[in-house]
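Reader: Please show me the model. I would like to ask how its labels are justified.

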Amino acid sequence: MYLDFQGVKQTIYLFSKEMERLLLYYNSYYHKLDCKSICVAVSGGSDSLALLLLLSEFAKSRQWHLYCATVDHKLRIESTEEAFFVKNICARLNIEHHILTWQHNPVIREGKLENLARQARYKLLEQLCLEKKIKFIATGHNWNDQVETYELRKIKGSSDLGLAGMSQIRSLSENVKILRPLLIFSKEYLKDFLTSQNIDWKTDPMNFKNNFQRVTIRKNIETYSKNKLNELSRIIQKLGQKRANIEKKALDFLLPYVTINNVGYAVVADFSKFTDYDSEIQAEILRRIIWQIGGKEYPVSINENIAKNIINRKINTIGRCLIKIKQNHLLVFRENRNIPSMKVTSSKTIWDNRFIIDLSALNITSFHNLMVNSYNRNIREEDFSSNLYIPKEAFPGFPCLYQNHKVKYNLEKWENSIDFLYKSYVFDTFCGVKCE
């Protein structure tokens, strides 16, 4: 697995072969490829710069349109200079480059900094892709990052599926996919490739701050022998194959038998068929449904024993969800717990990380004392549009609009003002590294 740099032509060949494999996978498991444009996210570091050069060769040989984007997080004095460093390289390569700036308040809690910056980065990249009708964002995650992810998750007690590491394809949104074509290349390999091209790179000093757990793990990995690194690679690949098999079987059930209602609950249409699956597959199906309905940022851990207890009705609340089994159906609702009361300050907002609410059609002239909270049992069911059916268990997790503590509905338009926020990656399947 640990590849030694063998020259520019060999590197371009290996990279092109990997890109073709990923695009074939996309064609098989997602959509037919109808777009030949890709955006590469480049920070100025060695990994993303190597990716920029390799994608430039790939795009030219296959007549793809290549964009480049650099996110300026404004967290360091040098960040703007680094963004223009990438812009100058793109100018020499004749690649369209965009600097995306993160506008934010000062970050006080450094423990949240890494996560906040990552969320902002992907949000800005997604907005650019939607504007330019780009289907793919390529990132410079490499084999060292994969090993770091394995070690980090191992420390946190992750399951075998988590230890499979990062997928080479995942959904950022319904219309944008993230590609990680460098996972077969080590960081050292990519640096050797850039050196052979006489290209320098920037180094982020945050990569050396010991208060980030990943940095500490990275330094430990630097002491590993090549044999140990190759053994870790074999473990990750083996777990990746296991994860891919489980996820594909879970999707075989999820796609035809599970409905996510726009009101915010899920229905498993054939409970008896669900129970015919192996417990590992049942756990994966439940994990994805509960992740979708509960609205948490990350999926809740559900092992085979928890899945068994859910099926046997010994557990009926997990991951902010209420689970009901009746009439050969399994139903998952948002649990009536920790549901936010939120001030409305603009016509479009997200509530409970589950609903997009667009008030533009309701002719609301003032947001003063306007709140979104859960449905109040004192509201009569006939106050809803006749087209909107809501099971009683779904009411606590359904948004309701209040002004001065009174319900404010435009009865004909409220149904069209809310949309459930679907996590498109709930229906992803794992794409792992393959080595010849």
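Author: What follows goes through confidence, a helix pair and two sheets.

Author: This is a predicted model, where local features need pLDDT of at least 70, side-chain atom pairs count only at pLDDT 80 or more, and totals for chains, interfaces and linings use all residues. Residues are numbered from 1 along each chain as its sequence is written, and side-chain values use heavy atoms, with hydrogens and water left out.

Reader: What is the mean pLDDT of the protein?

Author: The mean is 89, and 92% of the residues reach 70 or more. The scale is the predictor's confidence in each residue, from 0 to 100. Strand β17 (residues 406–407) has the lowest confidence, at a mean of 81. Strand β4 (residues 136–138) has the highest, at 98.

Reader: Why is α2 called roughly parallel to α3?

Author: The axes of helix α2 (residues 46–62) and helix α3 (residues 79–93) cross at roughly 15° and come within 12 Å. That makes α2 roughly parallel to α3. The label covers angles under 35 degrees; over 145 is roughly antiparallel, 65 to 115 roughly perpendicular, and the rest oblique. Axes are lines fitted to C-alpha atoms, for helices over the stretch in contact, and angles run from 0 to 180 degrees between N-to-C directions. Helices (H or I, at least four residues) and strands (E, at least two) are DSSP runs, numbered from the N terminus.

Reader: Which residues of α2 and α3 meet?

Author: L49, L52 and L53 in α2 meet F85, I89, C90 and L93 in α3. Contact means heavy atoms within 4.5 Å. The residues of this contact divide into seven nonpolar, no polar and no charged.

Reader: How do you know that β16 and β17 pair?

Author: Two strands pair if DSSP finds at least two bridges between them. Strand β16 (residues 399–403) and β17 have two bridges, in the antiparallel sense. Y402 has V407 in β17 as its bridge partner. β15 and β16 are joined by five bridges and run antiparallel. There, M371 stands opposite Y402.

Reader: What makes β12 and β17 edge strands?

Author: Each pairs on one side only. Their open sheet has four strands in the order β12-β15-β16-β17, with antiparallel pairing. Two bridges join β12 to strand β15 (residues 370–374).

Reader: Which strands stand at the edges of the sheet β13-β14-β18?

Author: This open sheet has three strands, paired antiparallel. β13 (348–351) and β18 (418–420) each have a single partner strand, so one side of each is left without a neighbour in the sheet. The twist averages 20° from one strand to the next.

How values were computed. Ala, Val, Leu, Ile, Met, Phe, Trp, Tyr, Cys and Pro count as nonpolar, Asp, Glu, Lys and Arg as charged, and the others, Gly among them, as polar.
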